[in-house]
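This report walks through a two-chain model, one region at a time. Keep the sequence and the 3D view open while reading.

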Amino acid sequence: MMPTTRRATFRAVLAATAAAVPLTRPVRAAAAQPPAASREATLYKNPQCDCCEGYAAYLRENGYEVRVLPSHDLALISRQQQVPPTLEGCHITMVDGYTVVGHVPIGPVNRLLAERPDIRGISLPGMPMGSPGMGGPKAAPFTIYTIPRDPAAEPAVYAVE
Amino acid sequence: MPISRLPMLGRRFLMLGGAAAFSATGLRPVPAVARAADSAVSGGSTIRLIARPGRAALAGPPHSEPETTVWGYDGRVPGPEIRVRQGERLRVVLENRLPEETTIHWHGLRVPNAMDGVPHLTQPPIAPGESFAYEFDATDAGTYWYHPHVRSFEQVERGLYGPLVIEERELPRTIDRDVTWVLDDWRLLEDAQIAGGFGNAMEAGMTGRVGNTVTVNGRVTDGGFAVRSGERLRLRLVNAANARIFGLVFEGHEPVVVALDGQPVTPHAPEDGRVVVGPGMRVDLVLDMTGRPGARARVLDTYYAKLEYRLLEIAYGAEPLRDRPPTAPIPTLPANPVPEPNLARAERHAVVLGGGMMNHLEGALVDGRWLDAREMMRRGLIWTVNGTAAAPGVHVHEPLAVLRRGASYLLEIRNETAWPHPMHLHGHSFRVIARNGVPTRHREWQDTVLIPRRESVEIAFVADNPGDWMFHCHVLEHQAAGMMGLVRVA
């Protein structure tokens with residue numbers, strides 16, 4: 001589809017983003033494991049970055065349905081989702097009301113969706129070697145941080161993998 | 001001090017505005033506009049420019065409200081089109097009414113070093129409230145542009161840029177109309193204001209800041225670009241965007257490239273029918289309007305896969321200019337007086353571009369000190385030229401190379417990063433003689449060469465312009481994050 005103007009595209013992107021991510025708090029799920037139907041993810045990526053496709057493939061291997069949308073507005077989406085600049089990544093995955101930034105391993109992602117903590121999401125910043133989709137040898141443990149609901153709050157360590 | 005009005009500005013707005021009015025009201029389009037020569041700034045007069053905040057209706061009617069707050073030359077986007085005849089002297093006085101320092105760099109023009117507009121290196125930056133007079137001869141005919149070289153990733157992004165056309169001594173025959181399209185993109189929020197976050201570190205390590213709203217001459221062109229059947233246009237494309245690469249397809253038309261970065265090239269069809277224009281670059285096209293009266297044709301930008309869009313529509317008026325475009329061959333433009341490098345005797349230098357996301361970087365020399373990658377990131381640095389990263393905002397460096405004045409040089413530039421880089425050399429035009437070891441067909445003269453990721457180019461030139469010259473990536477976020485160096489011609 002060819003949008004009629006850039007402005008239309010821009011509005012469409014914002015609308016799509018807003019629709020994908022409810023700004024209200026996610027409802028705490030009763031079950032520990034989210035139902036399979038909710039495992040749909042939308043991944044926004046830089047149009048010229050390859051590693052993001054690798055991460056999408058990784059999520060698919062782990063049972064997620066992933067829609068990949070190249071976008072020039074990653075920085076804007078990050079800002080809208082109140083991702084701190086230090087935690088920004090080359091792609092952003094919206095899944096079941098949460099924002100997952102970067103190459104986060106599946107364990108913490110599943111835990112996030114099962115436990116449904118009162119945070120915006122989680123991030124593995126810095127595109128570390130050996131992380132899912134990045135390839136290469138893993139040089140050090142991955143530290144995954146929370147994206148707090150309160151933008152003034154300090155990100156906390158969510159998991160070390 | 002004589003003051004020169006710049007009538008070209010009105011002409012360009014008339015062009016797009018006229019097209020919009022035509023489609024809205026059914027009036028006849030504005031007939032072929034005055035020849036460029038009629039409105040040229042005459043030699044010897046002084047042009048006054050004021051860099052200041054202003055407001056621009058980027059979206060155009062019916063979306064003109066709210067307007068966007070911009071920084072522009074004379075408060076407008078783009079700044080006034082400066083036109084002079086080749087060989088004339090150009091004198092421009094810039095007054096700075098911005099809240100910060102600025103300069104003007106005359107992109108692509110082979111000016112004396114003191115006129116090059118690089119802060120601290122070739123002139124003191126112009127403080128708010130102060131003025132600076134630029135004066136130089138218009139040596140080479142062609143399409144150029146002007147923009148600041150101070151914090152350009154923000155100043156250019158806010159709208160400080162304008163086209164500069166140097167007309168051939170004798171205008172090429174069989175061209176009916178000479179049109180400039182300054183291409184830019186903007187990252188607008190829903191209130192139509194420019195989003196902050198200039199120089200965002202994640203983007204700086206990737207594509208740079210690519211916007212969400214594309215304008216041609218400061219407007220989203222909903223109404224179409226008015227043409228007449230049988231016309232032959234010279235279309236001057238200027239990419240003023242910080243980071244966006246354009247790949248334009250003219251549906252149903254066959255553009256012919258006649259100049260690159262201002263310098264004439266053997267007329268040829270663009271590769272795969274797509275006109276690729278990297279940041280800072282210019283492409284002159286001859287476009288024959290072969291459509292029927294009343295027809296419409298799309299101009300698409302297909303550079304980024306899955307993010308293709310319609311840039312604008314070509315809208316044919318009801319009245320043809322003539323039955324068909326001129327049958328005379330597309331004219332080859334007269335060569336500019338650029339000295340020819342002696343390849344047999346040229347001294348070879350290697351330039352390696354490194355760093356960026358999806359790449360391994362141990363560290364780099366910054367101001368003569370080795371910093372590891374983590375420490376570099378802390379200072380907003382992520383790119384290197386020959387293992388050195390230019391400290392943010394600093395334009396004075398140890399030269400990458402000292403070149404002997406008058407000698408020929410061949411630089412092999414290897415892009416070892418995962419991202420494309422339009423590399424710009426100040427003060428010189430160079431021949432692009434090979435890509436990935438294969439000789440180029442047209443040996444085109446350029447001042448900004450787009451190097452795809454993991455590819456190489458060889459450029460050759462005579463170091464005939466004395467002084468310290470910047471050599472940097474024209475993705476302005478890459479430049480700010482270290483991809484800049486200095487070449488000394490002594």
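Four bridges join β26(B) to β30(B), and the two strands run antiparallel. The model is a predicted one. In this pairing, His424(B) has Thr448(B) of β30(B) as its bridge partner. On its other pairing, β26 (residues 421–425) of chain B is joined by three bridges to β32 (residues 467–473) of chain B, also antiparallel. There, His424(B) has His472(B) of β32(B) as its bridge partner.

**The sheet around β26(B)**

These strands belong to an open sheet of five in chain B, in the order β24-β33-β32-β26-β30, with mixed pairing. β24 (401–403) and β30 (448–451) of chain B stand at the edges. Each has a single partner strand, so one side of each is left without a neighbour in the sheet. Neighbouring strands of the sheet are turned by 20° against each other on average, direction ignored.

Are the faces of β30(B) covered or uncovered? Both are covered. Thr448(B) and Leu450(B) lie on one side, Val449(B) and Ile451(B) on the other, and all four are buried.

**A buried glycine beside the sheet**

Gly280(B) sits in the loop between β16 (275–277) and β17 (282–288) of chain B. It is buried, with 27 other C-beta atoms within 10 Å; the cut-off for buried is 20 or more. What does Gly280(B) touch, leaving aside neighbours within four places in sequence? Its contacts are His107(B), Asn239(B), Pro422(B), His424(B), Thr448(B) and His474(B). Two of these names have come up already: His424(B) and Thr448(B) are bridge partners. The C-alpha atoms of Gly280(B) and Ile245(B) are separated by 9.6 Å, with their positions 35 residues apart along the chain.

**Annotated regions of chain B**

An unreviewed UniProt entry lists "domain: Plastocyanin-like" for residues 64–170, 179–291 and 396–489 of chain B. Two of these stretches are set side by side below.

| Stretch | Helix | Strand | Distance between end C-alpha atoms |
|---|---|---|---|
| Residues 64–170 of chain B | 4% | 37% | 40 Å |
| Residues 179–291 of chain B | 4% | 43% | 18 Å |

**Nonpolar cores**

In soluble globular proteins, nonpolar side chains tend to be buried together. The largest nonpolar core here has 129 residues. Leu183(B), Leu237(B), Leu285(B) and Ile459(B) touch the most other members. Take Leu285(B): not counting residues up to four places away in sequence, it touches Leu235(B), Leu237(B), Pro255(B), Val256(B), Val257(B), Val258(B) and Val275(B). A second, separate core has 40 residues, including Ala75(A), Val100(A), Val109(A) and Phe142(A).

**Chain A**

Chain A has four helices and seven strands. From the N terminus on, its elements run α-β-α-β-α-β-β-α-β-β-β. Of its 161 residues, 41% count as buried. Among contacts between residues at least 6 apart in sequence, 55% join residues at least 24 apart.

Start with α2 (residues 51–61) of chain A. Its buried residues are Cys51(A), Cys52(A), Tyr55(A), Ala56(A) and Leu59(A). Seen down the helix axis, they fall within an arc of 150°, so they line one face of α2(A). The face turned away from that buried side carries the exposed residues Arg60(A) and Glu61(A). The cover over the buried residues of α2(A) includes β1 (40–45), β2 (65–70) and β3 (91–95) of chain A. After the helix comes Gly63(A), whose phi is positive, near 90°.

Now α4 (residues 106–115) of chain A. Which of its residues are buried? They are Val109(A), Leu112(A) and Leu113(A). Down the axis of α4(A), these fall within an arc of 90°, so they line one face of the helix. On the other side, Gly107(A), Ala114(A) and Glu115(A) are exposed. The cover over the buried residues of α4(A) includes β3, β4 (98–102) and β5 (119–124) of chain A. Just after α4(A), Arg116(A) takes a positive phi of about 50°. Val109(A) is also one of the residues of the second core.

**Where the chains meet**

The contact takes 30 residues from chain B and 27 residues from chain A. On the side of chain B that touches chain A, the elements giving two or more residues are α3 (201–204), β10 (213–216) and β19 (309–316) of chain B. α3(B) gives the most, with three residues.

Methods: Residues are numbered from 1 along each chain as its sequence is written. Chains are lettered from A and ligands numbered from 1 in the order in which they are written. This is a predicted model: local features need pLDDT of at least 70, side-chain atom pairs count only at pLDDT 80 or more; totals for chains, interfaces and linings use all residues. Two strands pair if DSSP finds at least two bridges between them. Axes are lines fitted to C-alpha atoms, for helices over the stretch in contact, and angles run from 0 to 180 degrees between N-to-C directions. UniProt positions are given in the numbering used here, feature names are shortened, and annotations may be inferred rather than shown by experiment. A nonpolar core is a set of buried Ala, Val, Leu, Ile, Met, Phe, Trp, Tyr and Cys residues joined through C-beta atoms within 7 Å. A residue is buried if 20 or more other C-beta atoms lie within 10 Å of its own, exposed if 12 or fewer, and partly exposed in between; C-beta atoms are placed from the backbone. Two residues are in contact if their C-beta atoms, placed from the backbone, lie within 7 Å. The arc is that of the directions from the helix axis to the C-beta atoms.
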